[in-house]
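User: Please take a close look at one part of this model, the arrangement of its strands. A single connected account, which also sets that part in the context of the whole chain, would be welcome.

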Amino acid sequence: MGTGKAVPYAGALLVPAAAGTLLWAWAGWSLRSPHGLPTALGVAGGVALTAAALLAHNALFREGGSIAAAVLILAGLTAVWVEARDDAVRGAVTDCVVVGKVRVTHHPTFGEGAPSAKTLYHHTLDCAGGYPTDFSAEERIGSSGTAVRIAYDPAHRMDPVLERRNKAHGSPVVPAVLLALSAALSAVAIAKEGREEG
């Protein structure tokens with residue numbers, strides 16, 4: 001490998017790895033910040049990091065970069081945000097009582113490969129502290145008068161969930177695979193450029 005290719009090869013590895021790591025840290029911090037960082041600001045920070053990664057990719061590989069690699073960076077960083085969000089837990093729990101009638105809505109889907117149809121149960125709640133006042137789920141959590149415990153984010157950055165479901169379940173595996181594929185495609189593009197110049 002010539003010295004002229006050292007920077008692009010290093011960038012092929014470092015751009016997706018650094019962007020993924022920074023975005024995971026940012027998403028996690030913005031969802032757990034005790035200062036109640038607004039959701040819009042958290043998302044804006046994530047968009048800025050993603051844009052910086054794509055600009056760095058373009059700057060490093062403008063002569064031999066792969067468009068598919070850029071698409072995979074975007075997909076990988078989107079997956080990072082989703083998984084980091086799913087890895088967060090709500091920081092507070094409140095006691096609530098279901099009040100009134102539970103409303104049911106049906107959400108069909110159409111077309112081959114579409115997700116399964118959903119039935120949502122909409123509950124009105126009376127909670128200590130006054131929040132949340134409503135709760136929707138794919139299960140009926142109880143009829144009028146049922147006591148439930150709801151986990152919620154005091155800054156309202158995440159939807160409330162039943163306390164028993166307030167668990168981290170995000171995984172970095174899918175984002176890591178997408179970002180690794182992006183690095184591999186970039187490296188292949190750089191190598192191909194070298195052969196074509198030869």
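Analyst: In this predicted model, 68% of the contacts in the protein chain with a separation of 6 or more are between residues 24 or more positions apart. The chain has 198 residues, and 36% of them count as buried. Its accessible surface comes to about 11400 Å², with 62% belonging to carbon and sulfur atoms. There are 4 helices and 5 strands, and along the sequence they follow the pattern α-α-α-β-β-β-β-β-α.

The 5 strands form an open sheet in the order β3-β2-β1-β4-β5, with antiparallel pairing. At its edges stand β3 and β5; each has a single partner strand, so one side of each is left without a neighbour in the sheet. Strands of a sheet pair through backbone hydrogen bonds, in either a parallel or an antiparallel sense.

Within this order, strand β1 (residues 92-107) is joined to β4 by 6 bridges, and the two run antiparallel. In this pairing, Val-97 stands opposite Ala-147 in β4. Towards one edge of the sheet, β2 and β3 pair in the antiparallel sense over 4 bridges, and the bridge partner of His-123 in β3 is Phe-135.

Phe-135 also takes part in the alternation of side chains along β3. Together with Ala-137, Phe-135 points to one face and is buried, whereas Asp-134 and Ser-136 point to the other face and are not buried. In a regular strand the side chains alternate between the two faces of the sheet.

The connection between β2 and β3 deserves attention of its own. The hairpin of these two strands has 6 residues between them, and Gly-129 there takes a positive phi near 90°. Pro-132 is also found in the loop between β2 and β3. The peptide bond leading from Tyr-131 to Pro-132 is cis, with omega near -5°.

At the other edge, the loop between β4 (147-152) and β5 (161-162) contains Asp-153. Asp-153 counts as buried because its relative accessibility is 3%, below the 20% limit for that class. Residues up to four places away in sequence aside, Asp-153 touches Arg-90 and Met-158.

Arg-90 leads from this loop to the largest pocket, which has a volume of about 590 Å³. The pocket is lined by 27 residues, and those closest to its centre are Asp-86, Arg-90, Asp-159, Pro-160 and Val-161. Three strands, β2 (118-127), β3 (134-137) and β5, each supply at least two residues of the lining, as do the helices α1 (6-32), α2 (39-61) and α3 (67-86). The lining divides into 12 nonpolar, 5 polar and 10 charged residues.

One residue in a helix completes the account. Gly-42 is found in α2, one of the helices that contribute to the pocket lining. Gly-42 is buried, since its relative accessible area is 3% and burial requires a value under 20%. Its C-alpha atom is separated by 9.6 Å from that of Gly-28, 14 residues away along the chain.

How values were computed. Residues are numbered from 1 along each chain as its sequence is written. This is a predicted model: local features need pLDDT of at least 70, side-chain atom pairs count only at pLDDT 80 or more; totals for chains, interfaces and linings use all residues. Side-chain values use heavy atoms; hydrogens and water are left out. Buried means under 20% relative accessible area, exposed over 50%, partly exposed in between (1.4 Å probe, protein chains only). Contact means heavy atoms within 4.5 Å. Accessible areas come from the Shrake-Rupley method with a 1.4 Å probe; for residues, only the protein chains shown count as cover. On a 1 Å grid over the protein atoms alone, a cavity is a set of points where a 1.4 Å probe fits but cannot get out, and a pocket is an open set with protein on both sides within 12 Å along at least five of seven lines; lining residues have an atom within 4 Å of a point. Grid points are joined across faces, edges and corners, and a volume is the space filled by probe spheres set on the points. Ala, Val, Leu, Ile, Met, Phe, Trp, Tyr, Cys and Pro count as nonpolar, Asp, Glu, Lys and Arg as charged, and the others, Gly among them, as polar. Two strands pair if DSSP finds at least two bridges between them.
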